[in-house]
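Trainee: Could we go through how the parts of this protein model meet, and what each term rests on?
Mentor: Yes, let us set each value beside its definition.

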Amino acid sequence: MLKKFAQIRGRWIWIAAVLFVSYHSWYWFAFAPKTKPHFYSPSFPVSQNFQSELILLRETKRLDGDSESRILHATVQTAKVLQIPAGLLWCLLFQESRLNHRLGMEGNIPSYGLGQFTHFGFQEINYQLNRYSTSNRSHLIRLLGSDVRPISANSATPDSLSSYFSIPTAVVTTGLYLKNRYLHLGSLLERRGIRYDPKLLWLYAVMAYNKGTRGILSFWNAEEKRLGTNRIRQLVTDPDILLDLARDRNLFTAGFARVWDRRRARSYSEELSIHLSNIAACALNPIGVTQ
Amino acid sequence: MKDFLAKFLEPLKQTFSPNNLKKEFRSFFKPGSHHQWATLAIFGVIGFLGYLIYLATLVAPDIQIVQDRFNDLAKSYEDGGSARFAERKNDLRRDISRTLRANKSLEARMIATNISVYLFPDLLPSENFERTVAEDQWLPLQRAIEKAPGTYESRLKFEEMKANIWNYESPDKRAPKLTETAETVLHIYDLMSTQR
């Protein structure tokens, strides 16, 4: 058979094709996404603690039924249009504000509403909306009915669609900002030719939303320096490795320490680990993750 | 003590005096001169000293000097305008480049890296994730401001750069904060973009 093969014309093309397919198969299996379907739970919050907390918020009237259902409705619609896992978006809002859409209305803190938006966050939405995707503006119009920008923390007319204190506006704005973080991180990895699992990248986007993109990139730079580029590939394709970060409060410290003094680096690292474990507990399907 | 030093330095003074050096140089070429090896030694020493001086220009400056030069950039613009600023920025770039290449302490390299992120991203390794962000999100805006400082357009560029840096770096929404490096860079371009 081999003798016959050696006589075939174009046998070198066959050999090259076999090698090509073998290499790519190996690469695919080595770095293929390891998340299962339903990585994000269709119902949320998942963990008992968050469910109990939600019940407590209702019972103590810190969250009324009407606001809660409007937030849920806006979250599902926004998640569908922006292709964000709905549970992730809801859990982010829950984590940031405990679903208090009027938080910060008195002007006593520098962040506002459901997503704890800042002045500079508004600037990105108002003036740089399409930086990471040219579809963002059309999504905004589709979800809110018109281009309601400029959006601001307008406490004088909180129900106006241009006010971040309006529930649909807060949810859509937060979703767009989160999506921008996702697209930004994705583009940085793509430029390096690093494949990633989109489901895991959403978790990094949520971390970047909370602690700034710089924290995530410093962490990636530190890990790459320590263990090479394959480590980055693992961090963005293997959920077990990423979820270990939530358990090790100090794993982010080396990254933050490249930017901040040691004390702040440890503090931010701990906060980020807690944030990640809360989001994971709230939004991830425990069966999908552990199987 | 003075006498002791004078006694110790006298032979060296005589050996390296211009007249003696000329004499040694001329006698080197006389055939059979017993001074040849001594002359070689003298010029060898001069050459070695010259090499040490050259090496010194390659050595990275102390990180405190780098930090001071960075902190003084804004003042250089205030005192001498765009030309002086460009000159000082170039000097700083050279210092940062040497610091990143030299085998300096971790602290020194981190300071140099953080300054590079905001002012000289091309000095960072190509695989550094922050380099891409800097080249996209503030380097073009800085160049535009430097090209036309004090104009309405430069002010718009500054406001965009400020939002980009705050959104990129601040790790705490309840107590927003930037690193000193980021604050210094924003201060520089705030000054430069302010209309007069």
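**Two domains and their interface**

Mentor: In this predicted model, the C-alpha centres of domain 1 of chain A and domain 2 of chain A lie 22 Å apart, domain 1 covering 47-191 and domain 2 covering 194-291.

Trainee: What makes residues of domain 1 of chain A and domain 2 of chain A count as a contact, and how many does each side give?
Mentor: Contact requires heavy atoms within 4.5 Å; 27 residues from domain 1 of chain A and 24 residues from domain 2 of chain A take part in the contact.

Trainee: How much area is buried between domain 1 of chain A and domain 2 of chain A?
Mentor: About 2,300 Å² is buried between domain 1 of chain A and domain 2 of chain A, and carbon and sulfur atoms give 77% of this area. On the side of domain 1 of chain A, the residues that lose the most area to domain 2 are A:Tyr182, A:Leu185 and A:Leu189, which together account for 34% of what that side buries.

Trainee: What does the rule find across the interface of domain 1 of chain A and domain 2 of chain A in the way of salt bridges?
Mentor: A salt bridge needs a side-chain nitrogen of Lys or Arg within 4 Å of a carboxyl oxygen of Asp or Glu, and the rule finds 0 salt bridges across the interface of domain 1 of chain A and domain 2 of chain A. The count of residue pairs in polar contact between these domains, with both residues at pLDDT 80 or more, is 5.

Trainee: Which helix gives the largest share of the side of domain 1 of chain A that touches domain 2 of chain A?
Mentor: Helix 8 of chain A gives the largest share, 12 residues.

Key
Residues numbered from 1 in each chain as written. Chains lettered and ligands numbered in written order. Predicted model: local features only at pLDDT ≥ 70, side-chain atom pairs only at ≥ 80, totals over all residues. Heavy atoms only, no water. Domains from an automatic or database assignment. Buried area = accessible area lost by both parts, 1.4 Å probe. Polar contact = N/O pair within 3.5 Å; in protein donor to acceptor, adjacent residues only side chain to side chain. Helix = DSSP H or I, 4+ residues; strand = E, 2+ residues; numbered from the N terminus.
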